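Here are a few exercises to work through with the model open. Try each task yourself before reading its solution.

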Amino acid sequence: MKIKIITTGDELLSGSILDTNFAWIAERLWGRGFQLIGHLTVADDSSQIKEALLGAANDADVVIV
């Protein structure tokens, strides 16, 4: 099962906080043998989120946001 993770937030893109949610989720999925094929962080912008979701849906069996 191919999984892609999308995180959202201007605060993540600016570097003001670390993306600990991605790290936590990825570690648990990887440890259980799931195939992580990518991670993308996008701004708090509905058009960017939509574009990221559509692209991820083409690549992965599961998309986690």
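**Exercise 1: helices against the sheet**

Keep in mind that this is a predicted model. Work out which strands helix 2 and helix 3 lie across, and at what angle each runs to strand 1.

*Solution.* Start with helix 2, residues 20-31: it lies across strand 1, strand 2 and strand 3, and runs at about 170° to strand 1. Now take helix 3, residues 46-59: it also lies across strand 1, strand 2 and strand 3, again at about 170° to strand 1.

**Exercise 2: strand order**

Find the order of the strands in the sheet, and say which of them stand at the edges.

*Solution.* First, the order: the three strands make an open sheet, 2-1-3, with parallel pairing. Next, the edges: strand 2 (35-42) and strand 3 (62-64) each have a single partner strand, so one side of each has no neighbour in the sheet. As for twist, neighbouring strands are turned by 20° against each other on average, ignoring direction. Then zoom in on one pair: strand 1 (residues 2-8) is joined to strand 3 by three bridges, and K4 sits opposite V63 in strand 3.

**Exercise 3: the whole chain**

Write down the pattern of helices and strands along the sequence, then judge how compact the protein is.

*Solution.* Count up three helices and three strands. Reading along the sequence gives β-α-α-β-α-β. The radius of gyration is 12 Å, close to the 11 Å from the globule rule for 65 residues, so the protein is as compact as a globular protein of that length. To finish, check burial: 22% of the 65 residues count as buried, taking under 20% relative accessible area as the cut-off.

Notes
Residues are numbered from 1 along each chain as its sequence is written. This is a predicted model: local features need pLDDT of at least 70, side-chain atom pairs count only at pLDDT 80 or more; totals for chains, interfaces and linings use all residues. Side-chain values use heavy atoms; hydrogens and water are left out. Two strands pair if DSSP finds at least two bridges between them. Helices (H or I, at least four residues) and strands (E, at least two) are DSSP runs, numbered from the N terminus. Axes are lines fitted to C-alpha atoms, for helices over the stretch in contact, and angles run from 0 to 180 degrees between N-to-C directions. Contact means heavy atoms within 4.5 Å. The radius of gyration is taken over C-alpha atoms; the globule rule is 2.2 Å times the number of residues to the power 0.38. Buried means under 20% relative accessible area, exposed over 50%, partly exposed in between (1.4 Å probe, protein chains only).
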